[in-house]
Amino acid sequence: MTHAVFRLRAECLARSTRPFVARGSRSPRCPECRVAFDYCFCAWRPEVQVRSGVCLMMYYSEPMKPSNTGWLIADLVPDTWAFGWSRTEVDGALLALLEDPQWQPYLVFPGEYAEPERVVERVDVTAGKRPLFILLDATWTEARKMFRKSPYLDRFPVLSLTPEQISRYRLRRSKRDEHLCTAEVGALCLELAGDEQAGGALNAYLDVFTERYLGAKRALPLDEASPAHQALSSFL
């Protein structure tokens with residue numbers, strides 16, 4: 001495993017001066033899919049063509065959480081970057097990525113928090129460029145803080161999503177049902193950019209992750225014939 005979120009997690013562990021303690025963090029888990037070994041779903045990781053890129057800006061604790069879903073995006077989208085967020089420091093590699101001429105960045109956030117002239121609801125990419133979706137991977141309170149205190153992102157359009165579905169993510173709940181988890185947001189972005197197959201695969205992958213994560217937590221029997229597994233099997 002060498003993807004961006006895995007590397008960021010390793011960097012956070014190397015810098016840490018004390019163990020990270022969160023719900024479920026001490027349970028033995030597969031290091032690649034982060035669920036209990038008996039519920040490992042590494043063999044179910046989809047492989048699809050993806051034109052878009054994703055830049056995950058992660059609040060400091062997110063890479064460490066077994067329930068984090070930005071990890072699933074990095075599993076599926078080859079051009080995924082992950083950076084730890086800091087109010088006072090900006091990673092030079094992040095700034096270089098945002099300046100890379102092959103990419104057309106979109107900051108994904110609810111439009112009600114941005115100036116109206118910045119808000120867009122479609123992905124219209126200039127010829128010769130590829131969409132790069134900047135996702136603030138954090139709790140809702142933390143994400144609003146990141147949005148306000150990252151002035152280097154102020155020059156980018158804010159892609160405001162208006163999903164019709166209520167969030168299906170059951171591992172960590174927001175106080176508002178319309179708040180989507182990071183993987184759900186990523187899937188919607190991929191679909192808007194024309195990567196419909198990748199968006200569908202990411203949604204199916206999230207459903208299997210959630211089913212297995214909760215199955216391990218509740219000691220439920222593993223059912224590889226479940227609707228979630230059947231949906232994901234079409235992307236393998």
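**Warm-up.** Are Tyr 59 and Trp 85 buried or exposed? Both Tyr 59 and Trp 85 are buried. Buried means under 20% relative accessible area, exposed over 50%, and partly exposed in between, with a 1.4 Å probe and protein chains only.

**Ground rules.** This is a predicted model: local features need pLDDT of at least 70, side-chain atom pairs count only at pLDDT 80 or more, and totals for chains, interfaces and linings use all residues. Residues are numbered from 1 along each chain as its sequence is written, and side-chain values use heavy atoms, with hydrogens and water left out.

**Exercise 1. Describe how strand 1 is paired and covered.**

Step 1: find the element. Strand 1 spans residues 53–58. Helices (H or I, at least four residues) and strands (E, at least two) are DSSP runs, numbered from the N terminus.

Step 2: list its partners. Two strands pair if DSSP finds at least two bridges between them. Strand 1 runs parallel to strand 5, with six bridges joining them. Cys 55 has Ile 134 of strand 5 as its bridge partner. Strand 2 (residues 80–84) also pairs with strand 1, parallel, over five bridges. There, Met 58 stands opposite Gly 84.

Step 3: trace the connection. Strand 1, helix 2 and strand 2 form a right-handed β-α-β unit. Right-handed means that, with the strands pointing away from the viewer, the path from the first strand over the helix to the second runs clockwise.

Step 4: sort the side chains. In a regular strand the side chains alternate between the two faces of the sheet. Gly 53, Cys 55 and Met 57 point one way, and Val 54, Leu 56 and Met 58 the other. Six of the six residues of strand 1 are buried.

**Exercise 2. Map the largest nonpolar core.**

Step 1: apply the criterion. A nonpolar core is a set of buried Ala, Val, Leu, Ile, Met, Phe, Trp, Tyr and Cys residues joined through side-chain atoms within 4.5 Å. The largest one has 54 residues. Phe 41, Phe 133 and Leu 135 have the most contacts inside it.

Step 2: assign contributors. Elements giving two or more residues include helix 1 (4–15), strand 1, strand 5 (130–137) and helix 6 (196–218). Helix 6 gives the most, with 10 residues.

Step 3: separate the other core. A second, separate core of 23 residues includes Leu 94, Ile 134, Leu 136 and Ala 143.

Step 4: inspect one hub. Contact means heavy atoms within 4.5 Å. Leaving out residues up to four places away in sequence, Phe 133 touches, among others, Val 54, Cys 55, Tyr 106, Leu 159 and Cys 189.

**Exercise 3. Classify two of the 12 aromatic pairs.**

Step 1: set the limits. Rings of Phe, Tyr and Trp (its six-membered ring) pair if their centres lie within 6.5 Å; planes under 30 degrees apart count as stacked, over 60 as edge-to-face and the rest as tilted.

Step 2: take Phe 41 and Tyr 205. Their ring centres are 5.4 Å apart and their planes lie at 55°, so the pair is tilted. Phe 41 sits in the loop between helix 1 and strand 1 and Tyr 205 in helix 6, so the pair ties together parts 164 residues apart in sequence. Both Phe 41 and Tyr 205 are buried.

Step 3: take Tyr 59 and Trp 85. This pair is stacked, at 6.1 Å centre to centre with 15° between the planes. Tyr 59 lies in the loop between strand 1 and helix 2, Trp 85 in the loop between strand 2 and helix 3 (92–99), 26 residues apart.

Step 4: look for a cluster. Ring pairs link Phe 41, Tyr 205, Phe 209 and Tyr 213.

**Exercise 4. Find the buried face of helix 4.**

Step 1: list the buried residues. In helix 4 (residues 140–148) they are Glu 142, Ala 143, Met 146 and Phe 147.

Step 2: check the arc. It is taken over the directions from the helix axis to the C-beta atoms. The buried residues fall within an arc of 140°, so they line one face of the helix.

Step 3: check both sides. Thr 141 and Arg 148, on the other side, are exposed. The buried residues pack against strand 1, strand 3, strand 5 and strand 6 (158–159).

**Exercise 5. Contrast the settings of Arg 34 and Ala 219.**

Step 1: read phi. Arg 34 is not a glycine, yet has a positive phi of about 75°. Ala 219 has a positive phi near 55°.

Step 2: place them. Arg 34 is in the loop between helix 1 and strand 1. Ala 219 is in the loop between helix 6 and helix 7.

Step 3: read accessibility. Arg 34 counts as buried at 6% relative accessibility. Ala 219 is exposed, with a relative accessible area of 62%.
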